[in-house]
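Visitor: I've got a structure up on my screen and a few things I'd like to ask about it. Mind walking me through?

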Amino acid sequence: MALTAVVRIPTRALLRPWARLRDSALGWMEPVGGVEVSTQRFGSQRVLVEPASAAGVAVMTFKNPPVNSLSLELLTELVINLEKLENDKTFRGVVLTSDCPGIFSAGLDLTEICGRNPAHYAEYWKAVQEMWLRLYLSNLMLVAAINGACPAGGCLMSLTCDYRVMADNPKYAIGLNETLLGIVAPFWFKDTLVNTIGHRASERALQLGLLFPPTEALQVGMVDRLVPEDQVQSTALSVLAQWMAIPDHARQLTKNMMRKPTADGLLKKRDEDIQNFVSFISRDSIQKSLQMYLAKLRQKKG
Ligand SMILES: CCCCCCCCCCCCC/C=C/C(=O)SCCNC(=O)CCNC(=O)[C@H](O)C(C)(C)COP(=O)(O)OP(=O)(O)OC[C@H]1O[C@@H](n2cnc3c(N)ncnc32)[C@H](O)[C@@H]1OP(=O)(O)O
């Protein structure tokens, strides 16, 4: 029999200034107190959410072709779908994965941070912050099933998860490569990395903008497990099954104890961080670097 549940979406989620929701893309949303949703399969245009066969587990699949870049729309949909899962108490764990062949996520959408105006940069950065805060502090168990390239913001997203399974394909790489673009990973990107691989390894990785192939990523602790490509999702699901054996309240309190101080670092100065981002990204020299990088990406094919 089909499993269905009622999911309450708090109206406040619809009122956030950055979440000027593209309602057409989010067919299940209504600006009233809540909405009934079948948990058989839901989501939105760029984020598909499907309950897994194991009770209490969902698979969240990003489908923003060609490269799952983190556009404002994708970020918005991600946060809304996560909130929806969190409000539905039947879910305890989520696997995050990609529908784009060979790419988990290309990171921040460069067209959102290049050639736009300061108001757009501010709105976009707030959405990036929100994505990080929501994932990093989520009470759900999150496992990243990294089935492709995972640079910069894609890497950050996977680092917010409790566990990372990566496809053992030397064509793929993961890391915070911001310096290669002539930009700087903000302090909360850095903190997330330091919490995962330690200070010295982060210092080197961040300065050099290292993108680690799977074997090196495992060695440095950026991912937890490598498996053949066709086993990434099934392995992520079996990892979740192990984590599900732990009582939720104890695990959640422990996760919060470990992560809250890092999240507080951003929460205490969110507005200042937005201002720093806007003034940094608006510099002519930074815009030029980004334009050149984008042009190189686009020329690659030709
Ligand atoms: C004084 C100090 C103050 C400090 C203050 C700090 C403030 C903060 C500063 C700013 C911080 C910003 C943090 C940024 C984080 C990021 O995430 S930046 C994004 C980084 N991403 C990348 O470098 C990845 C780039 N992409 C790739 O390497 C490859 O595309 C791929 C993912 C490996 C896939 O390769 P392939 O399959 O070969 O596809 P392509 O042909 O390369 O690409 C297809 C089309 O997609 C476009 N594209 C690729 N990536 C992006 C992207 N990130 N955004 C937008 N568009 C992207 C690419 O151009 C192709 O487009 P078309 O040619 O038009 O088809």
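Visitor: Let's start with the ligand: how many residues surround the ligand, and which are the closest?
Guide: Keep in mind that this is a predicted model. The shell around the ligand is made of 30 residues. The closest of these are Ala106, Gly107, Leu108, Ala152 and Gly153.

Visitor: Which element gives the most to the shell around the ligand?
Guide: Several elements supply at least two residues each: β7 (102-103), β9 (148-151), α3 (152-159), α9 (270-281) and α10 (284-299). The one that gives the most, with four residues, is α9.

Visitor: And the chemistry: how do the residues of the shell around the ligand divide into nonpolar, polar and charged?
Guide: Start from the small end, with five charged residues and seven polar ones. The rest of the shell is nonpolar, and that count is 18.

Visitor: β7 and β9 came up there. What order do the strands have in the open sheet of three?
Guide: The pairing in this sheet is parallel, and two bridges join β7 to β9. One residue to look at is Gly102, which stands opposite Gly148 in β9. The edge strands, pairing on one side only, are β7 and β11 (174-175). With those at the edges, the order reads β7-β9-β11.

Visitor: What angle does the direction of α3 make with that of β9?
Guide: α3 is one of the elements that supply residues to the shell around the ligand. This helix also packs on the three-stranded sheet, touching β9 and β11. Its direction and that of β9 make an angle of about 95 degrees.

Visitor: There's another open sheet, with seven strands. Which are its edge strands?
Guide: The order here is β3-β4-β5-β6-β8-β10-β12, and the pairing is mixed. Each edge strand pairs on one side only. That gives β3 (42-43) and β12 (225-227).

Visitor: Inside that sheet, which residue in β8 is the bridge partner of Leu96?
Guide: Strand β6 (residues 93-98) pairs with strand β8 (residues 141-146) in the parallel sense, over four bridges. Follow Leu96 across to β8 and you land on its partner, Ala144.

Visitor: Which strands does α1 touch where it packs on the sheet?
Guide: The direction of α1 makes about 20 degrees with that of β4. The strands it touches are β3, β4 (47-51), β5 and β6.

Visitor: Are α4 and α8 roughly parallel or antiparallel to each other?
Guide: Two packed helices are described by the angle between their axes and the distance between the axes. For helix α4 (residues 187-197) and helix α8 (residues 248-267), the axes are 10 Å apart and the angle is about 175 degrees. Angles over 145 degrees count as roughly antiparallel. The two helices are therefore roughly antiparallel.

Visitor: Which residues in α8 do the α4 residues meet?
Guide: From α4 come Phe187, Trp188, Asp191 and Asn195. On the α8 side, they meet Thr262, Gly265 and Leu266.

Visitor: Any backbone oddities? Where is the place of Pro66?
Guide: The peptide bond from Pro65 to Pro66 is cis, with omega near 10 degrees. Asn68 has a phi near 50 degrees, a positive value in a residue other than glycine, and lies in the loop between β5 and α1. For Pro66 too, the place is the loop between β5 (57-62) and α1 (72-87).

Visitor: Last one: where in the chain is confidence lowest?
Guide: The chain averages a pLDDT of 89, with 86% of the residues scoring at least 70, and the model has ipTM 0.98 and pTM 0.90. Confidence is highest in strand β10 (residues 163-167), at 99. Residues 1-38 have pLDDT below 50. The lowest confidence, at a mean of 34, is in strand β1 (residues 5-7).

How values were computed. Residues numbered from 1 in each chain as written. Predicted model: local features only at pLDDT ≥ 70, side-chain atom pairs only at ≥ 80, totals over all residues. Near = placed C-beta within 6 Å. Nonpolar A, V, L, I, M, F, W, Y, C, P; charged D, E, K, R; others polar. Axes fitted to C-alpha atoms, helices over the stretch in contact; angles between N-to-C directions. Parallel < 35°, antiparallel > 145°, perpendicular 65-115°, else oblique. Contact = placed C-beta atoms within 7 Å. Pairing = 2+ DSSP bridges. pLDDT = per-residue confidence, 0-100.
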